[in-house]
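This report describes a protein model, moving from single residues to helix packing and then to the overall fold. The sequence and the structure are shown first.

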Amino acid sequence: MFRFLSSFYDNYIEPYFSSGVGEPDRSHKSKILKAGRLIRNTRLPAAERAGAARDVGILSYTGGYEHAAQAADKYMASMTELLKTPGLTEQDIVRVLEGLSAICYLHVANQNTAQALGLPDTLLEFVSPTSKLSFTSQRWSCYLLSILCCHNIPIICHLKDAEALQSNLEKLASLDWEKWPLNYALELLRVLRLQQSAKMDNLHEEDELKGCPFAKSGHMFGKQLKEHVYKI
C-alpha cells in the first residue's frame, strides 16, 4: 500500500505543490470526481472500480478536510455497495476498505454517512467467525471499524450492542498482527470498553513490551505506518 502511496504522491500530487500551478484542493477534487465516475460505472470490471475506490480514499486523505474529503462523500454509497459484490476478490475488498478508511479518517461527517449506509454492520459480518474472508481483509475491517469509532459516540454505542462482537474481536486479536502498527482488534476492545479476558490482558502487555504503545484510532496513517508494507 505504501509503495503505491509514495508513487501516487510523486506522480499526481507533488507536481501541484512544486509547480505552483493551481491550488492543490482543486486538483484533488478534480481527480476525485474522475475516479468517482469509475466507481459508479457498474459496467466496468470490479477490480477497476475497487482501484478507483482506493484512489478516492488517498485523494480524500491527502487533499484536505474541507474540500477533498467532502467531495469524496458522494461516492461512499457506491463503495459500500461494491463491498457486497459477489465474487469480489480479497485484493479488491482490501482496496475498497483502504479507500473508505481514508475517507472516514478523523472526518465525523463521513463517519456518520458510513453509519447511515450500514457500513458498520457490513464490517461486523466481515469479522464474524462465519465470514469466508482472509485474515488480511478482517484486519482491514477492524482498522476501519476503529476509524469509525474515532470521536463518534453513536457508532461506539451501536457497536457495543453487537451480539458476539467481544468474542469475535478476542479471536482476531489473538492472531498475528506483527506487521501492523497496532493490533486493531485489541484496540477496538479497548475503545468499546468491552470486558477483556486474561488472555487479552496478556496480549496487551506483550505489545507494550515490544514498544508498540496504543494510540487513538487512525494511527495507521501516521508516520509509523510508512515503515510497514502490508501483503495481501
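In this predicted model, H151 counts as exposed because its relative accessibility is 59%, above the 50% cut-off. H151 is placed in the loop that joins helix 9 and helix 10. The backbone there has a positive phi of about 60 degrees, although H151 is not a glycine. As background, most residues other than glycine have a negative phi.

A second non-glycine residue with a positive phi is L106, with a value of about 55 degrees. L106 belongs to the loop between helix 6 (90–104) and helix 7 (108–116). Its relative accessible area is 30%, and L106 is therefore partly exposed.

**Packing around helix 9**

Two packed helices are described by the angle between their axes and the distance between the axes. The table gives these two quantities for two partners of helix 9.

| Helix pair | Angle between axes | Axis distance |
|---|---|---|
| Helix 9 (residues 135–149) and helix 10 (residues 153–160) | about 130 degrees | 7 Å |
| Helix 9 and helix 12 (residues 184–191) | roughly 30 degrees | within 8 Å |

For the pair of helix 9 and helix 10, the angle of about 130 degrees makes the arrangement oblique. On the helix 9 side, the contact is formed by L145, L148 and C149, which meet I155, I156 and L159 of helix 10. By class, this contact has six nonpolar residues, with no polar and no charged ones.

For the pair of helix 9 and helix 12, the crossing at roughly 30 degrees makes helix 9 roughly parallel to helix 12. The crossing is left-handed. Helix 9 contributes C142, Y143, L145, S146 and C149, while helix 12 contributes Y184, A185, L188 and V191. These residues divide into eight nonpolar, one polar and no charged. L145 and C149 take part in the contact with helix 10 and also in the contact with helix 12.

**A buried proline beside the helix 9 and helix 10 contact**

Which residues does P120 touch, leaving aside those up to four places away in sequence? They are A114, Q115, L145, L148, H158 and L159. Of these, L145 and L148 in helix 9 and L159 in helix 10 also belong to the contact between those two helices. P120 itself lies in helix 8 (residues 119–126). With 2% relative accessibility, P120 falls under the 20% cut-off and so counts as buried. P120 and L159 are 39 residues apart along the chain, yet their C-alpha atoms are separated by 7.7 Å.

**Buried positions in helices 3, 5 and 6**

Is S60 buried or exposed? S60 is buried, because its relative accessibility is 3%. This serine is located in helix 3 (residues 46–63). Residues up to four places away in sequence aside, the contacts of S60 are I32, A68, A69, A72, A102 and I103. Two of these contacts, A102 and I103, fall within the range of helix 6 (90–104).

Helix 6 also holds V94. V94 has a relative accessible area of 2% and is therefore buried. The C-alpha atoms of V94 and G51 are separated by 9.8 Å, with their positions 43 residues apart along the chain. G51 lies within the residue range of helix 3 (residues 46–63).

Helix 5 (residues 76–83) is largely enclosed by the rest of the structure, because six of its eight residues are buried. The buried residues of helix 5 are M76, S78, M79, T80, L82 and L83.

**The fold as a whole**

How many helices and strands are there in the protein? The count is 13 helices and zero strands, and the pattern along the sequence is accordingly written α-α-α-α-α-α-α-α-α-α-α-α-α. The protein has 232 residues, 50% of which count as buried.

Among contacts with a separation of 6 or more, 73% join residues 24 or more positions apart. The pairing of P120 with L159 is one example of a contact across such a separation, at 39 residues along the chain. The accessible surface of the protein comes to about 11,500 Å², and carbon and sulfur atoms account for 50% of that area.

Key. Residues are numbered from 1 along each chain as its sequence is written. This is a predicted model: local features need pLDDT of at least 70, side-chain atom pairs count only at pLDDT 80 or more; totals for chains, interfaces and linings use all residues. Side-chain values use heavy atoms; hydrogens and water are left out. Helices (H or I, at least four residues) and strands (E, at least two) are DSSP runs, numbered from the N terminus. Buried means under 20% relative accessible area, exposed over 50%, partly exposed in between (1.4 Å probe, protein chains only). Contact means heavy atoms within 4.5 Å. Accessible areas come from the Shrake-Rupley method with a 1.4 Å probe; for residues, only the protein chains shown count as cover. Axes are lines fitted to C-alpha atoms, for helices over the stretch in contact, and angles run from 0 to 180 degrees between N-to-C directions. Angles under 35 degrees count as roughly parallel, over 145 as roughly antiparallel, 65 to 115 as roughly perpendicular and the rest as oblique. Ala, Val, Leu, Ile, Met, Phe, Trp, Tyr, Cys and Pro count as nonpolar, Asp, Glu, Lys and Arg as charged, and the others, Gly among them, as polar. A crossing is left-handed if the near helix is turned anticlockwise from the far one by less than a right angle, and right-handed if clockwise.
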